[in-house]
Amino acid sequence: MAEVLAGRRWLFVVTILTGSFLLFLVQPMVARMALPRLGGAPNVWNSAMLVYQALLLGGYAYAHALSRLPIGRQATIHIALLLLAAITLPITLPNIAAPAPGREALWVPWLFLLTIGPLFFVVSAQAPLMQRWFVASPAAGDPYPLYAASNLGSFAGLLAYPLLAEPLLSLGVQSRVWSIGYALLILLVAAAALSRRGAKATATDAANQANDVETGPDRPFLWIALSAVPSGLMLSTTTYLTTDIFAMPLLWVIPLGLYLLSFSVAFAAWRRPANMIVAVAPFVLVTAGGFALFMSSLANLWAAAASILLLFVVSVALHTRLYETRPAPARLTRFYLFMSAGGALGGLFTALIAPLVFDWTWEHPLLIIAAAMLVPLGGWSRLLQRSFQSSDAFRLAILALLAVVLVAAFRFRGEVISDPWTLATLFFAVLTVAGGTLLAARRWSYVLACVAVLALLGGISQLSASLSGNRSRSYFGIYTVKDTGGGFRLLVHGTTNHGAQRQDPKRAFEPTTYYGQTSGAGLAMLSAERLFGTDARIGVVGLGVGTLACYRRPGQTWTYFEIDPEVLAFSKNGSFTYLQHCTPDAEVVLGDARLKLQEVPKNSFDILVVDAFSSDAIPLHLMTNEAQKIYLDALAPNGLLLMHITNRFVKLEPVLAALARENNLTAMKRIDNHKAGSWPVASSWWVALSRDPATIAGLEGMPNKWRPLGAPAPAPWTDDYASILPYLDWKRAF
């Protein structure tokens with residue numbers, strides 16, 4: 001009987017792979033469904049991840065409790081719960097009221113919990129449960145490599161979504177296909193249960209010896225710490241990617257996918273890849289961590305690559321240490337329970353606590369330092385201790401290197417270094433400190449080295465900004481108010497300038513940045529009185545610093561739609577005075593503009609400006625056909641729709657051209673290019689659309705300054721189907 005049971009390894013691998021594939025295919029799918037309601041703020045995805053980690057913890061706790069029963073009873077209960085959860089299929093979002101401003105941090109998890117809670121809970125339990133069933137046979141072998149298979153299935157599910165499911169299938173079809181996969185999972189679980197009928201519920205000590213697994217005592221606090229740090233790093237890396245590039249599942253899944261892949265490497269039966277990564281981890285942690293922090297103010301794919309490399313290597317190193325401290329298979333579910341608790345704590349810290357406590361993403365460097373306290377140093381330490389026979393010489397070398405780094409840190413104090421030779425020298429100096437690995441010979445010296453390098457490459461600069469009181473953080477982003485030496489005050493969101501105002505009272509209300517008089521927005525506003533009369537009604541989606549208000553003329557009615565109360569506070573507290581001075585009687589509607597525009601009467605505006613950004617990322621849910629129809633309903637029949645599409649990474653012109661074709665709109669673009677010396681006016685791309693060709697023809701500067709749109713995308717983006725893959729601008733990203 002034991003030989004037959006051991007021969008069913010393939011069945012358990014397939015069952016675990018299927019469940020994990022479905023589990024992590026559904027995460028980006030539900031997040032994509034929720035985009036029209038939630039927008040693209042990175043904390044939306046982090047809130048979703050927090051819910052998933054909490055459900056995973058609940059599922060692992062359920063598996064741990066269930067594993068104490070005979071396998072027959074376990075199977076009966078588990079299959080019954082799988083069938084009960086199937087009542088919620090196909091997956092759809094519940095119809096609940098929109099959140100009040102400031103309540104998004106609680107509302108978003110509640111929405112995800114109602115949408116996917118029962119299914120995610122019961123499917124998440126099947127991986128540890130299947131491993132426990134598998135090891136019920138003394139001849140089954142080591143169950144822990146099955147966890148590598150579980151995370152390989154999770155990685156495949158995440159990869160399949162942006163590359164296959166999202167580009168090829170509508171959300172409705174995705175949900176139905178997932179339901180079919182869920183039915184297959186139930187059959188596989190039933191087959192796995194049948195293959196273990198008559199087996200004991202738990203593995204005995206003799207079975208553990210037969211499995212020849214090296215195990216140790218329970219170390220719950222270490223397991224929690226080794227799980228929490230990679231989980232937190234995964235979410236803080238996600239924040240960077242989705243803030244400064246684009247809020248899409250394509251980018252959401254990269255950090256999560258690599259995080260899951262790290263488990264597959266760390267828990268695999270073939271140990272060489274994990275050991276090689278562990279060997280280089282101390283070096284990568286300092287160099288990639290320092291480089292990622294230094295490049296965090298330059299939103300490009302090099303900075304993203306450094307962050308991703310750091311995440312993967314650190315995750316593999318810490319998860320390998322986790323694997324090496326694993327207990328006997330009889331305590332397997334307890335081990336996974338503490339692991340999931342650590343993952344949930346890491347998510348709680350990054351997704352919920354950090355945005356409330358910190359005014360910047362301090363969680364990221366703090367997690368790097370925490371990783372330095374935990375990453376294995378054995379190989380480096382032994383090598384360096386052989387190189388430095390004298391303890392006094394070793395200490396002297398460490399103190400000298402730390403002194404060099406700290407002096408450099410205080411010398412530059414985060415100043416912007418524009419000279420390429422100085423920058424190169426500084427960078428290679430940091431590499432020398434990080435790569436001169438004698439710092440890894442002792443844990444304390446290594447941690448101090450990490451702190452010093454992070455301080456040098458941006459930490460001191462960020463601390464100065466925090467202490468200045470000119471920065472704030474909300475659920476939707478991080479904002480910094482900066483006064484420049486040239487007499488300007490800027491609002492920076494993430495890495496992107498979202499507006500500037502002159503401090504000279506005589507010129508304080510001149511339009512700046514993307515809203516100059518030669519920009520698409522400027523030309524349209526200068527045309528408002530001629531096109532729509534002295535009582536033109538103007539709506540603006542996205543307040544920013546309120547620069548557009550300076551175009552207001554007597555008799556006009558202005559309405560702003562702003563999702564973040566923190567942005568409105570900058571105009572109310574006097575940081576920026578466009579709104580108070582130019583449109584003091586304007587109505588400011590707080591909340592997601594797409595939802596709020598559905599509440600206004602039809603024919604409410606003559607001009608509607610859509611200018612919403614999350615750092616450099618334009619929320620996708622404002623660029624779909626459904627959103628376009630909402631805008632058109634709010635506009636007068638001859639009204640003008642202005643879309644701001646300035647972007648570093650995504651070519652949005654084909655998307656708008658497809659929307660114009662779909663809705664029979666006349667559309668023109670205004671590319672307003674300016675050289676670097678033209679500040680405070682910046683280059684911008686605007687698209688003007690209208691159902692009335694005469695409105696477009698009457699725009700200021702037509703036709704000399706306006707051009708027809710290029711070739712449209714094959715189909716417009718919709719709430720049900722959208723993919724940015726064809727429109728990524730790879731050249732500008734690097």
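# Cavities, cores and single residues in a predicted model

Buried residues, those under 20% relative accessible area with a 1.4 Å probe and protein chains only, make up 61% of the 734 residues in the protein. This is a predicted model, in which local features need pLDDT of at least 70, side-chain atom pairs count only at pLDDT 80 or more, and totals for chains, interfaces and linings use all residues. Residues are numbered from 1 along each chain as its sequence is written, and side-chain values use heavy atoms, with hydrogens and water left out.

Reader: How many helices and how many strands are there in the protein?

Author: Both kinds of element are DSSP runs, numbered from the N terminus. A helix is a run of H or I with at least four residues, and a strand is a run of E with at least two. By that count the protein has twelve strands and 27 helices.

Reader: Among contacts between residues at least 6 apart in sequence, what share joins residues at least 24 apart?

Author: A contact means heavy atoms within 4.5 Å. Take the contacts between residues at least 6 apart in sequence. The share that joins residues at least 24 apart is 80%.

Reader: How many cavities of 30 Å³ or more does a search of the whole structure find?

Author: The search uses a 1 Å grid over the protein atoms alone, and a cavity is a set of points where a 1.4 Å probe fits but cannot get out. Points are joined across faces, edges and corners, and a volume is the space filled by probe spheres set on the points. The largest cavity has about 340 Å³, and the second largest about 80 Å³. The number of cavities found is three.

Reader: Which residues lie closest to the centre of the largest cavity?

Author: Lining residues have an atom within 4 Å of a point. Elements that give two or more residues to this lining include α2 (9-38), α3 (42-66) and α7 (145-168). Of the 29 lining residues, the closest to the centre are Phe24, Leu56, Tyr60, Tyr147 and Leu260.

Reader: How many charged residues are in the lining of the largest cavity?

Author: Asp, Glu, Lys and Arg count as charged; Ala, Val, Leu, Ile, Met, Phe, Trp, Tyr, Cys and Pro count as nonpolar; the others, Gly among them, are polar. This lining has 18 nonpolar and eleven polar residues. Its charged residues number none: there are no charged ones.

Reader: How many charged residues has the lining of the second largest cavity?

Author: Residues lining the second largest cavity include His498, Tyr515, Thr547 and Asp611. By class there are six nonpolar and five polar residues. The charged count is one.

Reader: Which element gives the largest share of the largest nonpolar core?

Author: A nonpolar core is a set of buried Ala, Val, Leu, Ile, Met, Phe, Trp, Tyr and Cys residues joined through side-chain atoms within 4.5 Å. The largest one has 168 residues, and Ile91, Trp133 and Trp178 are among those with the most contacts inside it. Its largest share is twelve residues, from α2.

Reader: How many residues are in the other core?

Author: This core lies apart from the largest one. Among its residues are Phe561, Val655, Ala660 and Leu689. The total is 42 residues.

Reader: Is Thr115 buried or exposed?

Author: Thr115 is found in helix α5. It touches Val30, Ile91, Thr92, Leu93 and Pro94, not counting residues up to four places away in sequence. Its relative accessible area is 5%, so Thr115 is buried.

Reader: How far apart are the C-alpha atoms of Trp360 and Gln462?

Author: Trp360 is found in the loop between α14 and α15 (363-374), and counts as buried at 10% relative accessibility. Along the chain, Trp360 and Gln462 are 102 residues apart. Their C-alpha atoms are separated by 8.0 Å.

Reader: Which residue does a cis peptide bond join to Met702?

Author: Omega of this bond is about 0°. The partner lies in the loop between α26 (693-697) and β12 (707-708). The residue is Pro703.

Reader: Is Asn664 buried or exposed?

Author: Asn664 is found in the loop between α25 (653-662) and β10 (666-672). Its phi is positive, about 55°, although it is not a glycine. Exposed means over 50% relative accessible area, with partly exposed in between that and buried. Relative accessibility here is 67%, so Asn664 counts as exposed.

Definitions and conventions. On a 1 Å grid over the protein atoms alone, a cavity is a set of points where a 1.4 Å probe fits but cannot get out, and a pocket is an open set with protein on both sides within 12 Å along at least five of seven lines; lining residues have an atom within 4 Å of a point.
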